[in-house]
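I opened a fresh notebook page for this one. Come along while I look things up, one topic at a time.

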Amino acid sequence: MSDEDDIILKDLNDEELVAQMFDDLYDGLREEIEESVNILLSRDWPPYRILTEALVGGMTIVGHDFRDGILFVPEVLLAANAMKGGMAILKPLLAETGAPRVGKMVIGTVKGDIHDIGKNLVGMMMEGAGFEVVDIGINNAVEKYIETAKAEGADIIGMSALLTTTMPYMKVVIDTLVAEGIRDDYIVLVGGAPLNEEFGKAIGADAYCRDAAVAVETAKEWMARKHNRMSA
Ligand code: B1M
């Protein structure tokens with residue numbers, strides 16, 4: 001039996017447990033991550049804190065080593081799978097605020113891009129804040145965004161891109177909305193690690209959202225503006 005097998009997660013203090021979660025995420029150990037998330041919940045950690053400090057924190061380390069060629073796609077997939085295990089436990093808790101629906105968002109990752117963890121997180125947080133979320137998944141062509149937004153009567157179109165090669169596709173979607181004369185029917189929010197404020201402005205999005213919490217705040221702000229405009 002290895003040393004790893006000897007660790008009793010529930011015997012670790014909070015700091016040790018989060019450090020262990022970073023290791024377990026790195027090693028793609030889904031069951032251990034799920035157990036640790038449940039332990040932190042039982043210690044009254046708010047779901048959002050577990051998400052940001054333990055799960056996103058651990059994924060950041062994975063990201064650095066992926067960038068530096070220490071980890072490769074199969075390992076990162078395992079880490080992503082472990083992260084999703086933790087997120088699945090937190091999702092209903094983040095969503096159970098019982099707030100009235102404040103708006104509807106269609107969200108998806110753009111064409112050519114299969115990264116979905118950040119998008120899922122944004123969707124979860126938006127649901128938790130009372131938004132209705134229609135998740136169209138990954139690798140979305142412009143038609144999918146627009147058809148879904150129309151069919152669902154969405155207020156917001158949210159786009160995610162994690163690659164420098166796929167982020168320009170966001171402009172294709174926005175340009176198509178303009179060409180169809182429906183740009184002003186939707187609040188367009190964009191996000192993803194390689195983006196920034198300047199890029200968001202340059203492609204004609206309403207706002208760039210640095211993270212899921214900012215996405216929620218920005219969506220609320222823009223929905224309030226929309227309501228004010230409509231009642232003016
Ligand atoms: Co990929 N990958 N990956 N990858 N991957 C990155 C993005 C990379 C930065 C790694 C690196 O080199 N350091 C790099 C991109 C480099 C670049 O373009 N500049 C990269 C690469 C190169 C690739 C491949 C090309 C590798 C290859 O095949 N050679 C390939 C591309 C596949 C494709 O999409 N066509 C690839 C594949 C993969 C996996 C499949 C192995 C896996 C994805 C699994 C999955 O998503 N189901 C993967 C992963 C996991 C990563 C890293 C390690 C982690 C991404 C992540 O989930 N972060 C990533 C490194 C990194 O970002 N540090 C990397 C955690 C997540 C919570 O953060 O997604 O940023 P993030 O989301 C945040 C915010 O950005 C924001 O809020 C979220 C929550 O706070 N946000 C939004 C995101 N979307 C939003 C939408 C909004 C609002 C806010 O709308 C309103």
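Below are my entries on the sheet, the helices across it, the salt bridges, a loop residue and a surface patch.

**Entry 1: what I am looking at**

I noted before anything else that this is a predicted model. I kept that in mind for every entry that follows.

**Entry 2: the sheet**

I asked myself in what order the strands of the open sheet run. I found five strands in the order 2-1-3-4-5, with parallel pairing. I then looked up the edges, and they are strand 2 (131–135) and strand 5 (207–209), each of which pairs on one side only. From one strand to the next, I read an average twist of 25°. As a reminder to myself, strands of a sheet pair through backbone hydrogen bonds, either parallel or antiparallel.

**Entry 3: following the pairs**

I went along the sheet from strand 1. Strand 1 covers residues 103–109 and strand 3 covers residues 156–160, and I saw five bridges joining them in the parallel sense. Here I spotted Gly108, which stands opposite Met159 in strand 3. Strand 3 also pairs with strand 4, again over five bridges and in the parallel sense. Met159 turned up again there, standing opposite Val190 in strand 4.

**Entry 4: is strand 4 buried or exposed?**

I checked its residues, and five of the five are buried, so strand 4 is largely enclosed by the rest of the structure. I also looked at which way they point. Ile187, Leu189 and Gly191 point one way, while Val188 and Val190 point the other way, and all are buried.

**Entry 5: helices across the sheet**

I wanted to know which strands helix 7 lies across. Helix 7 (residues 142–152) lies across strand 1, strand 2 and strand 3, and I noted its angle to strand 1 as about 165°. I did the same for helix 10 (residues 212–231), which lies across strand 1, strand 2, strand 3, strand 4 (187–191) and strand 5. Its angle to strand 4 is about 170°.

**Entry 6: salt bridges**

I first reminded myself that side chains of opposite charge can pair when their charged atoms come close. How many salt bridges does the model hold? I got a count of 16, and I picked three pairs to look at.

My first pick was Glu53 with Arg49, whose closest N and O atoms are 3.0 Å apart. Both residues lie in helix 4, four residues apart, which is about one turn of the helix. Glu53 counts as partly exposed at 38% relative accessibility, and Arg49 is partly exposed with a relative accessible area of 34%.

My second pick was Lys104 with Glu152, a salt bridge of 2.8 Å from N to O. This pair links distant parts of the chain, with Lys104 in strand 1 and Glu152 in helix 7, 48 residues apart. I looked up both partners: Lys104 has a relative accessible area of 15%, under the 20% cut-off, so Lys104 counts as buried. Glu152 is partly exposed at 31%. I also noted that Lys104, Glu132 and Glu152 are linked in a network of salt bridges.

My third pick was Glu180 with Lys150, at 3.2 Å from N to O. Here too the pair links distant parts of the chain: Glu180 sits in the loop between helix 8 (169–179) and strand 4, Lys150 sits in helix 7, and they are 30 residues apart. Both are partly exposed, Glu180 at 41% relative accessibility and Lys150 at 47%.

**Entry 7: Leu9 in its loop**

I moved on to Leu9, which I found in the loop between helix 1 (3–6) and helix 2 (14–26). Leu9 is buried, with a relative accessible area of 5%. What is Leu9 in contact with, leaving aside its neighbours within four places in sequence? I listed Leu17, Gln20, Asp24, Glu32, Glu35, Ser36, Ile39 and Arg43. For Gln20 I also wrote down the spacing: eleven residues from Leu9 in sequence, and 8.1 Å in space from C-alpha to C-alpha.

**Entry 8: a patch on the surface**

I ended with the outside. Phe66, Val73 and Leu77 form a nonpolar patch on the surface, and together they have about 290 Å² of accessible area. I traced Phe66 to helix 4 (residues 47–67). Phe66 is partly exposed, at a relative accessible area of 38%.

Key:
Residues are numbered from 1 along each chain as its sequence is written. This is a predicted model: local features need pLDDT of at least 70, side-chain atom pairs count only at pLDDT 80 or more; totals for chains, interfaces and linings use all residues. Side-chain values use heavy atoms; hydrogens and water are left out. Patches are made of residues with over 30% relative accessible area and no salt bridge: like charges are joined within 9 Å, nonpolar side chains (Val, Leu, Ile, Met, Phe, Trp, Tyr) within 5 Å. Accessible areas come from the Shrake-Rupley method with a 1.4 Å probe; for residues, only the protein chains shown count as cover. A salt bridge is a side-chain nitrogen of Lys or Arg within 4 Å of a carboxyl oxygen of Asp or Glu. Helices (H or I, at least four residues) and strands (E, at least two) are DSSP runs, numbered from the N terminus. Buried means under 20% relative accessible area, exposed over 50%, partly exposed in between (1.4 Å probe, protein chains only). Two strands pair if DSSP finds at least two bridges between them. Axes are lines fitted to C-alpha atoms, for helices over the stretch in contact, and angles run from 0 to 180 degrees between N-to-C directions. Contact means heavy atoms within 4.5 Å.
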